[in-house]
Amino acid sequence: MGGTLEKILVTGGAGFIGSNFCHWVAESQPGVGIVVLDKLTYAGDPRNLEGIPEGRCELVVGDVCDEALVDSLVAGADAVVHFAAESHNDNSIADPSPFLETNVRGTYVLLEACRRHGTRLHHVSTDEVYGDLALDDPARFTEETPYRPSSPYSSTKAASDLLVRAWHRTYGVAATISNCSNNYGPRQHVEKFVPRQVTNVLRGERPKLYGDGLNVRDWIHVDDHSSAVWAILERGRPGETYLVGADGERSNAEVLRAILGCMGQDPSAFDRVPDRPGHDRRYAIDPSKIRRELGWRPERTDFAAGLAETVAWYRANESWWAAAKDAAEARYAAQGR
């Protein structure tokens with residue numbers, strides 16, 4: 001259905017992954033207009049959409065839980081890509097309520113609008129819904145892996161996935177789901193692991209590592225995630241789930257040492273802080289299905305090169321992250337991390 005897409009609605013499009021997706025679409029799909037719906041919470045920033053050619057992207061400031069607004073926007077779109085979510089584990093542990101509202105109720109509101117208007121929906125989710133794997137377990141998550149969420153964040157994302165599945169089966173909503181591994185790249189909020197460490201070094205402060213640092217995450221460049229979402233939107237089968245990953249398993253300690261090395265620092269120049277409650281041990285994605293069925297392949301697989309570009313972006317854009325950095329570190333200090 002890719003040829004019929006003239007206008008897409010992107011929820012959460014002023015956030016990290018959503019804004020990078022908008023840039024990717026603007027650059028690679030010249031005939032597609034973009035409408036962004038974003039509440040502009042602390043993690044959303046209209047500056048993230050700067051650089052998209054004039055007339056290609058309209059920002060609507062509003063809440064995905066606003067039924068009337070969502071209905072009017074869905075009515076004018078050929079398809080919806082749903083990124084809007086509260087997504088930070090530490091914040092979900094401190095206060096789960098915004099996660100229930102945005103991630104669960106917001107998805108419900110969007111599904112109902114898509115049902116009324118017969119609009120195609122792609123729902124963007126996370127590999128965290130599957131819980132975790134043991135460090136010595138050779139298995140990886142597949143589309144058939146049972147859900148075992150560990151945190152308030154991942155449990156609300158699991159709930160939203162189940163709503164999407166039910167609305168497809170019960171009401172025939174033309175919906176797909178993707179569960180992606182950890183993203184990195186430009187425009188990511190400084191509360192997240194990679195930008196937090198990078199900006200600490202840029203400020204002359206020591207990075208922080210949770211616990212023993214052996215927790216493994218499966219890393220993917222945000223541009224590869226964007227191309228995968230578009231492939232699913234164009235060629236994915238309604239009712240199906242696709243796991244998105246780039247075979248990028250690395251421990252937190254390995255990533256931190258890579259950042260320090262990239263920035264010319266001693267790889268041991270970091271402090272250990274208390275581990276996060278319920279901290280998942282390992283995530284790992286098996287992306288066989290999306291590669292086999294949709295022909296998608298990641299292109300940004302050189303982690304060192306992608307990391308160097310990411311560091312360069314934060315180095316060049318201190319005005320973008322400085323104020324958010326102060327607020328994020330104050331929250332971490334209150335949590336003792």
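The following exchange examines one helix, several salt bridges and two buried charged residues.

User: What kind of model is this, and how are residues numbered?
Analyst: This is a predicted model, in which local features need pLDDT of at least 70, side-chain atom pairs count only at pLDDT 80 or more, and totals for chains, interfaces and linings use all residues. Residues are numbered from 1 along each chain as its sequence is written, and side-chain values use heavy atoms, with hydrogens and water left out.

User: How do you know that the span of α10 agrees with its number of residues?
Analyst: Helices are DSSP runs of H or I with at least four residues, strands are runs of E with at least two, and both are numbered from the N terminus. The expected span is 1.5 Å times one less than the number of residues. For the 14 residues of α10 (residues 303-316) that gives 20 Å, and the end C-alpha atoms are 20 Å apart, so the two agree.

User: What makes the buried residues of α10 line one face?
Analyst: Buried means under 20% relative accessible area, exposed over 50%, and partly exposed in between (1.4 Å probe, protein chains only). Phe303, Gly306, Leu307, Thr310, Val311, Trp313 and Tyr314 are buried in α10. Their directions, taken from the helix axis to the C-beta atoms, fall within an arc of 155°, so they line one face of the helix. On the other side, Ala304, Arg315 and Ala316 are exposed.

User: Why is the pair of aspartate 247 and arginine 291 called a salt bridge?
Analyst: The term requires a side-chain nitrogen of Lys or Arg within 4 Å of a carboxyl oxygen of Asp or Glu. The N to O distance here is 3.3 Å, so the pair meets the definition. It links aspartate 247, in the loop between β10 (241-244) and β11, with arginine 291 in helix α9 (residues 288-294), 44 residues apart.

User: Why is arginine 291 called buried, and what is aspartate 247 called?
Analyst: Arginine 291 has 19% relative accessibility and therefore counts as buried. Aspartate 247, at 46%, counts as partly exposed.

User: How do you know that lysine 192 has no salt bridge?
Analyst: Lys and Arg count as positive and Asp and Glu as negative, while His and the chain ends are not counted. The nearest side chain of opposite charge, glutamate 191, is 4.9 Å away from lysine 192, which is buried. Lysine 192 lies in the loop between β7 and α6.

User: What is the nearest side chain of opposite charge to arginine 120?
Analyst: Glutamate 234 is that side chain, 10 Å away; arginine 120 is buried and has no salt bridge.
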